[in-house]
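Q: I'd like a close look at one part of this protein. Please pick a single residue, tell me about its surroundings, and work outwards from there.

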Amino acid sequence: MKRRNFLKLLAALGLGGLHSAWAAEPYHRLENPRSPTLMEKKHVPAVEAPSRVKAGEWFEVRVRVGYLVEHPSTPEHWITRIELHCNGRGVARVEFPEGGNLAPVAVFRVRLNRSAVLEAVENCNLHGTWISPPVRVEVF
Ligand SMILES: [Fe+2]
């Protein structure tokens, strides 16, 4: 079995996190922004960040799931983690060990010294791992 197929199998089984501290499985992503599916509306994370920030100053990045329809949070179906990636590298992670009492939202305080691309990754216990479209933050 090829590594890529093995990683897909792990992700399909909900075991994607076992092979790496940071998810490296193939992500689901928004395929067609003009006509998103209901699955995409509920699972693609939204990254809310300023488009321009001052170098070295803290700013807030808010990630919520999904970007158009809030994902359910029940004991049977919930978002198990939200990650923030900066220039393709995982820099923060929030874990939700169970569903039902927490909304799938995470807020991070961030500072940058140079312009960067932020992305969010989330995992749904039933529907796999999803990545947001990239969001560029310009530093001036
Ligand atoms: Fe889901």
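A: **Pro 104 and its surroundings**

Pro 104 counts as buried because it has 25 C-beta neighbours inside 10 Å. The cut-offs behind that word are simple: 20 or more other C-beta atoms within 10 Å of a residue's own make it buried, 12 or fewer make it exposed, anything in between is partly exposed, and the C-beta atoms are placed from the backbone.

Before we go on, a word about the model. It is predicted, so local features need pLDDT of at least 70 and side-chain atom pairs count only at pLDDT 80 or more, while totals for chains, interfaces and linings use all residues. Residue numbers start from 1 along each chain as its sequence is written. The average pLDDT (the predictor's confidence in each residue, from 0 to 100) is 89 for the protein, and 82% of the residues score at least 70. Residues 13-20 stay under 50, and the model has 12 contacts beyond four places in sequence for them.

Now back to our proline. Pro 104 sits in the loop between strand 5 (89-95) and strand 6. Here strands (E, at least two residues) and helices (H or I, at least four) are DSSP runs, numbered from the N terminus. The protein has two helices and nine strands, and from the N terminus on they follow the order α-α-β-β-β-β-β-β-β-β-β.

Which residues does Pro 104 touch, not counting those up to four places away in sequence? They are Arg 64, Val 65, His 71, Ser 73, Ile 79, Ile 82 and Glu 122. A contact means that the C-beta atoms of two residues, placed from the backbone, lie within 7 Å. Another residue to find is Val 63: it is 41 residues from Pro 104 along the chain, yet their C-alpha atoms are separated by 8.3 Å.

Let's follow one of those partners. Leaving aside neighbours within four places in sequence, Ile 82 is in contact with Pro 104 and also with Pro 45, Val 63, Val 65, Val 94, Ala 106, Ala 120 and Glu 122. Ile 82 also leads us into the largest nonpolar core, which has 20 residues; Ile 82, Val 63, Ile 79, Leu 118 and Ala 120 have the most contacts inside it. The elements that give this core two or more residues are strand 3 (59-65), strand 4 (79-86), strand 7 (116-124) and strand 8 (128-131). Strand 7 gives the most, with five residues. A nonpolar core, by the way, is a set of buried Ala, Val, Leu, Ile, Met, Phe, Trp, Tyr and Cys residues joined through C-beta atoms within 7 Å. In soluble globular proteins, nonpolar side chains tend to be buried together. In this protein, buried residues make up 29% of the 140 residues.

Another partner of Pro 104 is Glu 122, which stands opposite Trp 130 in strand 8. Strands 7 and 8 pair in the antiparallel sense over four bridges, where pairing requires at least two bridges found by DSSP between the strands. Together they form a hairpin with three residues between them.

Strand 6 brings us to an open sheet: three strands in the order 1-3-6, with antiparallel pairing. Strand 1 (45-48) and strand 6 (105-110) stand at the edges with a single partner strand each, so one side of each is left without a neighbour in the sheet. Four bridges join strand 1 to strand 3; in strand 3, Val 63 is the bridge partner of Val 47 and Val 65 is that of Pro 45. In a regular strand the side chains alternate between the two faces of the sheet. Strand 1 shows this: Pro 45 and Val 47 point to one face and are buried, while Ala 46 and Glu 48 point to the other and are not.

Finally, look at Val 65, which Pro 104 touches. A cis peptide bond with omega of about -10 degrees joins Val 65 to Gly 66, and Gly 66 lies in the loop between strand 3 and strand 4. Most peptide bonds are trans, and most residues other than glycine have a negative phi. Asn 87, in the loop between strand 4 and strand 5, has a positive phi near 55 degrees.
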